[in-house]
Amino acid sequence: MLIKILLVLSILIQSVATVYALRLVRATKYNSVWILFIVGFSLLSVERLVQLLMACEVEIIPRWWFGYLGIVVSVCLSIGVMYAHKLFKYIARLNRQRQTLNRRILTAVLRTEEKARSRFSKELHDGLGPLLSSAKMSLSALAREERTPEQREIIDNTTYVIEEAIRSLREISNNLSPHVLNDFGLARGVQHFIDRSVAMHNVKIRFTTNLRTERYDTDIEVILYRVICELINNSLKHAACTAVSLSLSQTGTRLALDYSDNGRGFSPQAMMDCGMGLSNISSRVNSLGGTFDIVSAKGKGMRASVRIETGRPEPSPQPHKNNRR
């Protein structure tokens, strides 16, 4: 009785497997893998059905047929497994192609964004900047003439407002498209941003690098610069830190960025989900084929590292350090 129950269960299980294989045939556009599995499972079901009938003393085919039936089942399943291996390799290749396509799309988006930033920066600097400078010159000419105290106060206040507008315009223009980065390279651009950050915040930023005047692909320089700016801004705005350590070094063909602060810390996964620019940093680094890792815990600050292959030989200049306190 137990043998009969087990045979019935075996038939049911193999029938279910055959139904799922039938569904996969349509989903994979009639791939031969699942057709072979269907044949194999169907023959197994037939074999178990015949065994069940024989257990019930009903013989419909000779016993020696089981040998041939088993051989056919083994061949179908073996070939199906081999084809399944090829199918998995094909799926892996498709995934790699999709990742490459996504990386190219992201790179194109970032390049378009930087071009738009550069265009806006140029229009502000070359368009609005001269107008404000002309207005300031006109006010300076008026200030040289005899005026009543009230008029002179108005002229002085207006001149101050225009000067502030010019400074703000330069700041916005530089944030949109950093001129030091474009003219002098990554190390100088990062140092310039750190100098401005230290001047505006009560924080110590220690920057060490073995780069001097090396130039990299524009995408690498711009993306790494944006990543560093985002990390520093996050530390200043959200971490309530008093010290930041930043290292940028070239070793062989690898460009390494190591960053840490002594702030309040956070949950990296939660911040990835809610914002703080960490997902944006990860996307930018991935567009270069690099890696971005971050470690943090509440009350223990944070550490981040970026590794990017630059495809260039190790630079020759001796390491030098830039320390800001």
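**Two pockets and a few residues to know**

Let's start with helix 7. It gives the most to the lining of the largest pocket, with 10 residues. Please keep in mind that this is a predicted model.

So, that largest pocket. Its volume is about 460 Å³. In total, 23 residues line the largest pocket, and those closest to its centre are Asn175, Phe193, Cys229, Glu230 and Asn233. Find those five names on the screen, and you have found the middle of the pocket.

Which helices each supply at least two residues of the lining? Helix 3, residues 65-143, is one of them. Then come helix 4, at 149-176, and helix 6, at 186-200. Helix 7 spans 218-239, and helix 9 spans 278-287. Those two also supply at least two lining residues each.

What about the chemistry? Sorted by class, the lining of the largest pocket has seven nonpolar residues, eight polar and eight charged.

Now the second largest pocket. Here the volume is about 250 Å³. Its lining counts 17 residues, and the closest to the centre are Arg111, Glu114, Lys115, Thr218 and Val222. Helix 3 and helix 7 turn up again, each with at least two lining residues. Helix 5, residues 179-184, does so as well. By class, this lining has seven nonpolar, five polar and five charged residues.

How do we look for such spaces at all? Rolling a probe the size of a water molecule over the atoms shows where empty space is left.

Step back to the whole protein. How many helices and strands are there? There are nine helices and six strands. The chain has 325 residues, and 36% of them are buried. Now take the contacts with a separation of 6 or more: 72% of them join residues 24 or more positions apart. The surface next: the protein exposes about 19,900 Å², and carbon and sulfur atoms supply 59% of that.

On to cysteines. How many disulfides does the structure hold? Zero. We met Cys229 among the residues closest to the centre of the largest pocket. Is Cys229 buried or exposed? Its relative accessibility is 10%, so it counts as buried; the cut-off for buried is under 20%. Cys241 also has a relative accessible area of 10%, so Cys241 is buried.

Cys241 brings us to Val203. Val203 sits in the loop between helix 6 and strand 1, which covers 204-209. At 5% relative accessibility, Val203 is buried. What does it touch, beyond residues up to four places away in sequence? The list is Val198, Leu236, Cys241, Thr242, Ala243 and Val244. Look at Val244 in particular. Val203 and Val244 are 41 residues apart in sequence, yet their C-alpha atoms are 7.6 Å apart in space.

Next, Ala240. You will find it in the loop between helix 7 and strand 2, residues 243-251. Most residues other than glycine have a negative phi. Ala240 is not a glycine, but its phi is positive, about 55°. Buried or exposed? Its relative accessibility is 54%, so Ala240 is exposed; the cut-off for exposed is over 50%.

Another positive phi comes after helix 9. Gly289 follows that helix, with a phi near 75°. Helix 9 itself has these buried residues: Leu278, Ile281, Ser282, Arg284, Val285 and Ser287. Here is a rule for reading such a list. An α-helix has 3.6 residues a turn, so residues three or four places apart point the same way. Try turning the model with that in mind.

Two last residues. Val73 is in helix 3. With a relative accessible area of 5%, Val73 is buried. Leaving out residues up to four places away, Val73 touches Gly40, Leu43 and Leu44. Compare Glu47: the C-alpha atoms of Val73 and Glu47 are separated by 9.6 Å, with their positions 26 residues apart along the chain.

And Ser305. This serine is in strand 5, residues 302-309. Its relative accessibility is 18%, so Ser305 still counts as buried, given the limit of under 20%. Apart from residues up to four places away in sequence, Ser305 touches Leu257, Asp258, Thr291, Phe292 and Asp293.

To close, go back to helix 7, with its 10 residues in the lining of the largest pocket. Thanks. Questions are welcome.

Note on methods
Residues are numbered from 1 along each chain as its sequence is written. This is a predicted model: local features need pLDDT of at least 70, side-chain atom pairs count only at pLDDT 80 or more; totals for chains, interfaces and linings use all residues. Side-chain values use heavy atoms; hydrogens and water are left out. On a 1 Å grid over the protein atoms alone, a cavity is a set of points where a 1.4 Å probe fits but cannot get out, and a pocket is an open set with protein on both sides within 12 Å along at least five of seven lines; lining residues have an atom within 4 Å of a point. Grid points are joined across faces, edges and corners, and a volume is the space filled by probe spheres set on the points. Helices (H or I, at least four residues) and strands (E, at least two) are DSSP runs, numbered from the N terminus. Ala, Val, Leu, Ile, Met, Phe, Trp, Tyr, Cys and Pro count as nonpolar, Asp, Glu, Lys and Arg as charged, and the others, Gly among them, as polar. Buried means under 20% relative accessible area, exposed over 50%, partly exposed in between (1.4 Å probe, protein chains only). Contact means heavy atoms within 4.5 Å. Accessible areas come from the Shrake-Rupley method with a 1.4 Å probe; for residues, only the protein chains shown count as cover. A disulfide is a pair of cysteine sulfur atoms within 2.5 Å.
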